[in-house]
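Visitor: Please pick one part of this model and take me through it closely. After that, I would enjoy seeing how it compares with similar spots elsewhere in the chain.

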Amino acid sequence: MLGGLSCKATVCTTLALASILSVAHGLFPDEAGKIDWYRSQLGVPKTILPYSNGDTTGIYAITHRNVLASLNPNNGDTIWRQTFGDNESIGALQLRDNQALTLSGSSNCNSSAVRVWDTATGGLKWEYVHPPSSAYSPVNGAAAFVDGNKDVVAVVGDSLVRVAAGRSEPVWEVALNGTAAYKRVVVQEDVVFVIGDAPRTKKNDKPRLHVVEVDVGAGYVVSQYDVADGTSIGSKRLVVIESKEYGAYVVWRDEGNIIWYIHRLGLTKPMWEVFHPKLVQIELTPEDMLTSTITELDVDPGLNEDTPRFALTYKKSDGKEKTVVVEMFRTDDKLDMRKVVGFRSDSGGVVSSFGAAAAKVEAKAEDGGASPSRSTACARIADGNISWRIYKDSKNAEHSGEYAYDPSLYGPLSKAVLFYTSAGEARVLVQTTGGLLVVFGPGASEPVWFRDESLAHATDMAFMDLAPPASSAEHAAKATDPSVVGSAVARYILRWVETTRSLCEWVFSGFGLLGSSSASSTKLAALRSVSERIAPSAPLVAGDHFGFRKLSVFGTSTGVVAALSTQDGSRSWTHWVATNSTGVRIEQVFVTRRIQPLSSAAALVTVVGRDIRGRTVVADLDALSGAPVGEESIHSYARGHAKAFALPVVDPASGQQL
């Protein structure tokens, strides 16, 4: 059990999805209360960090389901996990000296908790719980180890605190006085920099960063100032990079400007300006430069003892993308930049996704000694494949591979992380927006391992019975009995539905119907499968329970819709529902024909949810394959709905529920 936040106790549990049966005829007494299957889930990761200390190597993650977990890098199995409270979001993770630091907070009680865990066992070593504060704000990663990794500095409430093991009170506390929404702390020798988005005022309405420099030992403010006008933390035009040798820097570009600015933390003015052509060594027009975005590469920048690096990506006027890895270097007292490696990050003019990660690793040499190596991993979707590469400061990839993948299964790529096993073997972990984790390695024709975390975010579920036996014929007949659907009551409901549908269409058109987006239903089955292990395409798998073959259809907040066998939990199909390349938060799942004769047209799975702006989205999928139905299978509306519901009547023409 996790102690700490006073408003709610939290318990470590295993998130399991058990089949919930709607028909219980023929249940034997010894079967009551038994779980047919379960799936252990962690949730979609927010942060994934590889960590190595001696011969022990692991992968650690914090997730959107408020779970801290350690994974085996060789097979993806869960080594240990700690589950925080439902409303206790984990905002920071740092790994040092076999310790895992987390900063979490709960808006229910306006309190934050600093906890330090044993990386080998997952046991809690010590914790500090900050008293409830009216100035509480959601935690966003602002915590770090200091003083030989014994103490911790963290932003809690409206203060920066230094806390230590065995002490119920902070070593010191500095009031931040609402000067910014702080999201990052950077420790450099004897000072800590607290960085956040400055509040906008009438005098200065532009976004910008506010930096507070605090003495680590005594806890007093050394200086504070604004920097990086026109940008904010989380922008694709700004990164914060760290290096033990070179210091810490903010690199940013103003919107509408082609010049990148570089500011060293601790100084009050930017000192360097970098022009694009000098870095990328490719032909660029001003329009190309204005599309440039920047990506932080280091998996854990606080461990970086080498030259700082970042990646610049450009989308040219012909639709092609180019990514360049850039590093800082110093000549005497002058700081400069140079290109390390460049590669295409587009897919024949259609950009699907790009993920990158770089880390300084200790890979074992042939003689058993340690040899430092610094590599960059990239991944993209191209021509129906996940294409991945590992570069070691060369234009030619040291390792590469491709694997069949259709983004309509789990969405586009959201990140890639480079890590090494305890044997020194390189691995690339790729994560999709829908919650699929896939690990690739040199020499492997298939993924080394994968995890599907989408169902940890299930929001609704519906059942569908397939090919009912004779014993259920009476039930099937009643569902489509002409005397029922042709009754006066049913005809009245059908007329009411038609009138309501016309009225809704008129209202939406009058108030600005956004139109519909569609997905083609003619995709080849082969392109819908990464492999039978990741995305089964045939045959349809259904569970057999009490004389019925059943599918359970789940909707998730990540946009993934998945049909699983109720018997063993195996997947029959998945589909990612999205608008404008962003997953839809699915709230309700409907199946239009509860009993599906396999010889007739398939029922529809209709899901209702909201897009990122809160507008209603309705999608129709084939219940037997998950494929979008029709040319306009996804409908977006200008307003959010209050409630979606199924009518207790069957359409006589299609035999499907309205």
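Guide: Let's begin with Arg-115, which is buried, at a relative accessible area of 0% (buried means under 20%, exposed over 50% and partly exposed in between, with a 1.4 Å probe and protein chains only). A word on the ground rules: this is a predicted model, in which local features need pLDDT of at least 70 and side-chain atom pairs count only at pLDDT 80 or more, while totals for chains, interfaces and linings use all residues. Residues are numbered from 1 along each chain as its sequence is written, and side-chain values use heavy atoms, with hydrogens and water left out.

Arg-115 has a charged partner: Glu-127 forms a salt bridge with it, and the closest N and O atoms are 2.9 Å apart (a side-chain nitrogen of Lys or Arg within 4 Å of a carboxyl oxygen of Asp or Glu). The bridge joins distant parts of the chain, since Arg-115 sits in strand E7 (residues 111-118) and Glu-127 in strand E8 (residues 124-129), 12 residues apart. Helices (H or I, at least four residues) and strands (E, at least two) are DSSP runs, numbered from the N terminus. Unlike its buried partner, Glu-127 is partly exposed, with a relative accessible area of 29%.

Now to Gln-99, which belongs to strand E6 (residues 99-106). Gln-99 counts as buried because its relative accessibility is 9%. Neighbours within four places in sequence aside, Gln-99 is in contact with Gln-94, Val-116, Trp-117, Thr-119, Lys-125, Phe-145 and Asn-149 (contact means heavy atoms within 4.5 Å). With Asn-149 there is a polar approach to look at: a polar atom of the Gln-99 side chain lies 3.0 Å from the backbone oxygen of Asn-149.

Just before that strand comes Asn-98, in the loop between strand E5 (88-96) and E6. Asn-98 is not a glycine, yet its phi is positive, about 60°. Its relative accessible area of 35% makes Asn-98 partly exposed. A useful companion is Ala-228, another residue other than glycine with a positive phi, near 60°. Ala-228 is found in the loop between strand E16 (221-227) and strand E17 (238-243), but here the residue is buried, at 2% relative accessibility.

Back to charged pairs, of which the count comes to 16 salt bridges. One of them joins the side chains of Arg-184 and Glu-242, at 3.1 Å from N to O. Arg-184 lies in strand E13 (residues 181-188) and Glu-242 in strand E17, so this bridge ties together parts 58 residues apart in sequence. Both Arg-184 and Glu-242 are buried.

Another salt bridge is formed by the side chains of Glu-587 and Arg-610, 2.7 Å from N to O. Here Glu-587 is in strand E41 (residues 585-591) and Arg-610 in strand E43 (residues 604-610), so parts 23 residues apart in sequence are tied together. Glu-587, at 25% relative accessibility, is partly exposed, and Arg-610 is partly exposed too, with a relative accessible area of 22%. Salt bridges with shared partners also join Asp-147, Lys-150, Asp-151 and Arg-162 into one network.

Stepping back to the whole protein, you will find six helices and 45 strands. Of its 658 residues, 51% count as buried. Among contacts between residues at least 6 apart in sequence, 50% join residues at least 24 apart.

Conventions: Polar contact = N/O pair within 3.5 Å; in protein donor to acceptor, adjacent residues only side chain to side chain.
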